[in-house]
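Visitor: I am new to this structure. Could you show it to me and walk me through it?

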Amino acid sequence: MPNRELIDPAGRRVNYLRLSVTDRCNLNCFYCRNDPSTCFKRQKKELAKQDFVRIIKTAADIGITKVRLTGGEPLLYPEIIALVHEIASIPKIRDISMTTNAILLPQYAYQLKKAGLKRVNISLDSLQELNFKQITNGGALKYVLEGIDAALDAGLTPLKINVVLLKGINDHEIADFARLTLDRELHVRFIEYMPIGGKSEQWDSHFLSLDKVVEVCSKISHFVPAESENGGGPARYFRLQGGKGKIGLITPLSRHFCKNCNRLRVTCDGKLKPCLFSEKEIDLVPALKATNYKELLIKKILAALKVKPDPRLVATASKDRARQFKGNRKMNEIGG
Ligand code: SAM
Ligand code: SF4
């Protein structure tokens, strides 16, 4: 029987798998990809549900306990409810969650909950209709707001809202987002814009360190440290004094958290990625086709673990970073 813990050469325990189930999306956020014409079309052929399930079952046998479904927009994967149900039925998987733009949640929230999904993170970069439309290249804010209500009604909680901070685009909305945590039990997490996906000159113009969030929140009220998530995670949490929800800061660039990274990623076409910032990929497809697929998949997962980049080698913010990741996949393919 293989080891039941995955420990990488830097001593990090890896127990979290992020699965990008499709690269298609029903929004078209400018920072996520640099060719708007590709957004609604499938770029890479998605694995069949049974292949995703095989990967997760095998990974669970050797130490993966948490799974997040992402994309593209995961709710566009044709068998998403059945996939959630099968993953939730794997005894060693203790936590299954999803990152979504929420557009389809009014339709799916209850079915997802019933199938075993525990919670959702919802991406929302503006609370203003026109601004939202511009960021997403045509999306309608009202559907996302309805999606948030549907997720809360269905009990897909704790609900987290992810906001990518974009200089000159949504930094004037920091206080509005922060105030959402005052009387609702939802968490707003600000994320630094990463130079992956969109055009590098856009990153040069719109990257803003999350120090700005601290500055704005400190003017609203006392901005006090709050308890971190169960099982770690990249966010540092704070609270506006008296607020029901928390404010998270995810700073991959200004203060990177690679030394605590516990994750591997699988793309929709079956490539295992040891690190978001790495161009290295290990193809799982040949293993999936073999009769001894389990044995072969374990070998591939252990190989990915071995090449997970050393946290000390992952550079901190610099303008050159944007160019450094040019050959990498777009964010809609990797899954954020
Ligand atoms: N479509 C779903 C959604 O938007 O929630 C899931 C996929 S999306 C790629 C996952 C997350 O990655 C979203 O929160 C999105 O805002 C974030 N993301 C995409 N491109 C990014 C970038 N260049 N820098 C930082 N976050 C990014
Ligand atoms: Fe789609 Fe999510 Fe990328 Fe926006 S961030 S284009 S919603 S995959």
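**A tour of the ligand site, the sheet and the backbone**

Guide: Gladly! Let us start where an oxygen atom of ligand 1 is 2.4 Å from an N or O atom in the side chain of Ser123. Please keep in mind that this is a predicted model.

Visitor: How much of ligand 1 does the protein bury?
Guide: Taken alone, ligand 1 exposes 550 Å². Of that area, the protein buries 94%.

Visitor: Which residue has a polar backbone atom 2.8 Å from a nitrogen atom of ligand 1?
Guide: Ligand 1 has 19 residues around it, and the closest are Tyr31, Gly72, Ser123, Met194 and Ile196. An oxygen atom of ligand 1 is 3.2 Å from a polar backbone atom of Thr100. For the nitrogen atom at 2.8 Å, the polar backbone atom belongs to Met194.

Visitor: How many residues of the shell around ligand 1 are polar?
Guide: The shell includes 7 nonpolar residues and 2 charged ones. The polar residues number 10.

Visitor: Which residue of β5 is the bridge partner of Ser123?
Guide: Strand β4 covers residues 119-123 and pairs with β5 in the parallel sense, over 3 bridges. In β5, the bridge partner of Ser123 is Asn162.

Visitor: Which strands stand at the edges of the sheet?
Guide: The sheet is open, with 12 strands and mixed pairing, in the order β7-β8-β9-β6-β5-β4-β3-β2-β1-β10-β11-β12. An edge strand has a single partner, so one side of it is left without a neighbour in the sheet. The two at the edges are β7 (223-225) and β12 (282-283).

Visitor: Is Ala102, in the loop between β3 and α3, buried or exposed?
Guide: Phi of Ala102 is near 75°, a positive value in a residue other than glycine. Most residues other than glycine have a negative phi. The relative accessibility of Ala102 is 0%, and under 20% counts as buried, so Ala102 is buried.

Visitor: What is the relative accessible area of Asn137?
Guide: Asn137 lies in the loop between α4 (129-135) and α5, and its phi, near 55°, is positive too. Partly exposed means between the cut-offs of 20% and 50%. Asn137 is partly exposed because its relative accessible area is 44%.

Visitor: Which residue follows Thr157 across a cis peptide bond?
Guide: Most peptide bonds are trans. The bond after Thr157 is cis, with omega near 0°. The residue that follows is in the loop between α5 (141-154) and β5 (159-165), and it is Pro158.

Definitions and conventions
Residues numbered from 1 in each chain as written. Chains lettered and ligands numbered in written order. Predicted model: local features only at pLDDT ≥ 70, side-chain atom pairs only at ≥ 80, totals over all residues. Heavy atoms only, no water. Helix = DSSP H or I, 4+ residues; strand = E, 2+ residues; numbered from the N terminus. Buried < 20%, exposed > 50% of the residue type's maximum accessible area, 1.4 Å probe, protein only. Pairing = 2+ DSSP bridges. Near = heavy atom within 4 Å. Polar contact = N/O pair within 3.5 Å; in protein donor to acceptor, adjacent residues only side chain to side chain. Areas by Shrake-Rupley, 256 points an atom, 1.4 Å probe, with all protein chains shown as cover. Nonpolar A, V, L, I, M, F, W, Y, C, P; charged D, E, K, R; others polar.
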